[in-house]
Amino acid sequence: KRSTVAAGSGRLLAVTDQLARMLERSGEQFRELVRGLAETPAVREYIADPRESRKPAVLAALKPTGPDTSEVMAVELRGIDGHMILFTGDPDRWAEPSENRILISALARGDSATVGHFFAVGDTITYAAAAPIRGAGGARGYLIQWRRINSSPKEQGQIAQLIGTDASLLIGNPSSGVWTDLAYRTEAPPV
């Protein structure tokens, strides 16, 4: 019996470590993505001088590319004081204003990029990453990208292989009570 418990505990620790590394990599990839967007010449030029003639170039630079474009719900360019300068998508529906202030505050302290908390919009879970838009003399504004969590069947299968088909993986924000199984919003786990 003790060997079974020890084996189960060892497996749980190994799976927990694998999931933690997977989430860390995902967060770092998201931070890299928004840092890269914030560094594009079109974004930097627009934040320095938001002329109408520069708008097509910055909108093209902000257009999502790659395999996960349907996860991008909104992108905001905000001034150094936090005011909205330009957006794509529907930030009124998907973005959380209080989270924008938290993200901008973290960036004002010197973070190169940051990922925020989970928020619920109906049954959809959203979260954001932000990066400063730098110019001469430091930050000139901020880029905030809002995404929805959308785990593909392939990703769900990979998680099931790690934890087993009889187990559930829930990730959440205990302070707000927002939890997800990486596909949908769920109830907080019983503790």
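Trainee: Where does Arg78 lie?

Mentor: In this model, which is predicted, Arg78 lies in strand 1.

Trainee: Is Arg78 buried or exposed, and what does the side chain of Arg78 reach?

Mentor: Arg78 has a relative accessible area of 13% and is therefore buried, given that buried means under 20%. The side chain of Arg78 reaches the backbone oxygen of Gly82 at 2.6 Å, and, leaving aside neighbours within four places in sequence, Arg78 is in contact with residues including Ile47, His83, Asn100, Ile104 and Tyr142.

Trainee: Asn100 and Ile104 belong to helix 5; which residues of that helix are buried, and how should I read their arrangement?

Mentor: The general idea is that an α-helix has 3.6 residues a turn, so residues three or four places apart point the same way. In helix 5, the buried residues are Glu99, Asn100, Leu103, Ile104, Ala106 and Leu107. They cover an arc of only 155 degrees around the axis, which puts them on the same side of helix 5, whereas the face turned away from that buried side carries the exposed residues Arg101 and Ala108. The cover over the buried residues includes strand 1, strand 3, strand 4, strand 5 and strand 6. As for its length, helix 5 has 12 residues and reaches 17 Å from its first C-alpha to its last, close to the 16 Å expected, and just after this helix Gly110 takes a positive phi of about 115 degrees.

Trainee: How many residues does the largest nonpolar core hold, and which helix gives the most to it?

Mentor: As a general tendency, nonpolar side chains in soluble globular proteins are buried together. Here the largest nonpolar core has 30 residues, and Leu62, Leu77 and Leu143 are those with the most contacts inside it. Among the elements that give two or more residues to this core are helix 2, helix 3, strand 1 and strand 5, while helix 1 gives the most, with six residues. A second, separate core of 11 residues includes Ala74, Leu107, Ala130 and Trp146.

Trainee: How many aromatic pairs does the structure hold, and how is such a pair described?

Mentor: A pair of aromatic rings is described by the distance of the centres and the angle of the planes. The structure holds three aromatic pairs, one of which, formed by Phe30 and Tyr127, is edge-to-face, with 5.3 Å centre to centre and 75 degrees between the planes. Because Phe30 lies in helix 1 and Tyr127 in strand 5, this pair ties together parts that are 97 residues apart in sequence. Phe30 is buried at 6% relative accessible area, Tyr127 counts as buried at 15%, and together with Phe118 they form one aromatic cluster.

Notes: Residues numbered from 1 in each chain as written. Predicted model: local features only at pLDDT ≥ 70, side-chain atom pairs only at ≥ 80, totals over all residues. Heavy atoms only, no water. Core = buried A, V, L, I, M, F, W, Y, C linked by side-chain atoms within 4.5 Å. Buried < 20%, exposed > 50% of the residue type's maximum accessible area, 1.4 Å probe, protein only. Helix = DSSP H or I, 4+ residues; strand = E, 2+ residues; numbered from the N terminus. Expected span 1.5 Å × (residues − 1). Arc of directions from axis to C-beta. Contact = heavy atoms within 4.5 Å. Polar contact = N/O pair within 3.5 Å; in protein donor to acceptor, adjacent residues only side chain to side chain. Phe/Tyr/Trp six-rings, centres within 6.5 Å; stacked < 30°, edge-to-face > 60°.
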